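Reader: I've got this model open on my screen. Can you walk me through its aromatic residues?

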Amino acid sequence: MDPARITKAAVVVLALVSFAALGWRANLLGVRTVPPLGSVAAAFDATPAYPGYTWMRDGGSVSEFELATIAGPGHCGWESATFLFVGWPSGTVATDGSQSRQYIRDPRGVIQGPFLVLLERDVKLPSDAKPTGHKLGAIELFLSPSDEDRWIYVAGPSNIERWPRSDPKTLCS
């Protein structure tokens, strides 16, 4: 076999594998948020850094001041956690931090506090849960009037997660 041909094939395979890995990480074409590959875990086990994902509501994208899901800050070692900021009440475009709420998904327990213990990865929506209208591919957010001060529900094609609210907000220095 021709060594040049083998080298060319290896370069092509390496390029395809690299493209697939980067495409997954960057959520190209929404592959991490739509069936059959999409799930809450697929989308948020490796959340992009700021500005994070672009969420939709009423057919249009929303500002990060209305809703943002971003990886935790790397300089604190929190990049495996997801911070969800939602303008409050839901749908509000926050002009400052007092007009938003923070929820945290910390499946590895990298942040001090109860977030690992309080995260529930397979729950049912409460009977009074209502969609916020925010969507990320097939993933939707729900709030329940009976517990919205404590939780937000992140519903994907295969499961629903309940993320705890951080009050006061969790920040790293």
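Author: Sure, starting with a charge over a ring: the charged end of arginine 101 sits over the ring of tryptophan 88, where "over" means NZ of Lys or CZ of Arg within 6 Å of the ring centre and within 35 degrees of the ring normal. This is a predicted model, so local features need pLDDT of at least 70, side-chain atom pairs count only at pLDDT 80 or more, and totals for chains, interfaces and linings use all residues. Residues are numbered from 1 along each chain as its sequence is written, and side-chain values use heavy atoms, with hydrogens and water left out. For arginine 101, the distance from the ring centre is 3.7 Å.

Reader: Which residue lies over the face of tryptophan 151?

Author: Look 3.6 Å from the ring centre of tryptophan 151. The residue there is arginine 162.

Reader: How many aromatic pairs are there in the whole structure?

Author: Rings of Phe, Tyr and Trp (its six-membered ring) pair if their centres lie within 6.5 Å; planes under 30 degrees apart count as stacked, over 60 as edge-to-face and the rest as tilted. Searching the whole structure gives five.

Reader: What is the angle between the planes of phenylalanine 44 and tryptophan 55?

Author: Phenylalanine 44 is in helix α2 and tryptophan 55 in the loop between α2 and β1 (56-57), so their pair ties together parts eleven residues apart in sequence. Both are buried (under 20% relative accessible area, with exposed over 50% and partly exposed in between; 1.4 Å probe, protein chains only). The pair is stacked, 6.5 Å centre to centre, and the angle is 15°.

Key:
Helices (H or I, at least four residues) and strands (E, at least two) are DSSP runs, numbered from the N terminus.
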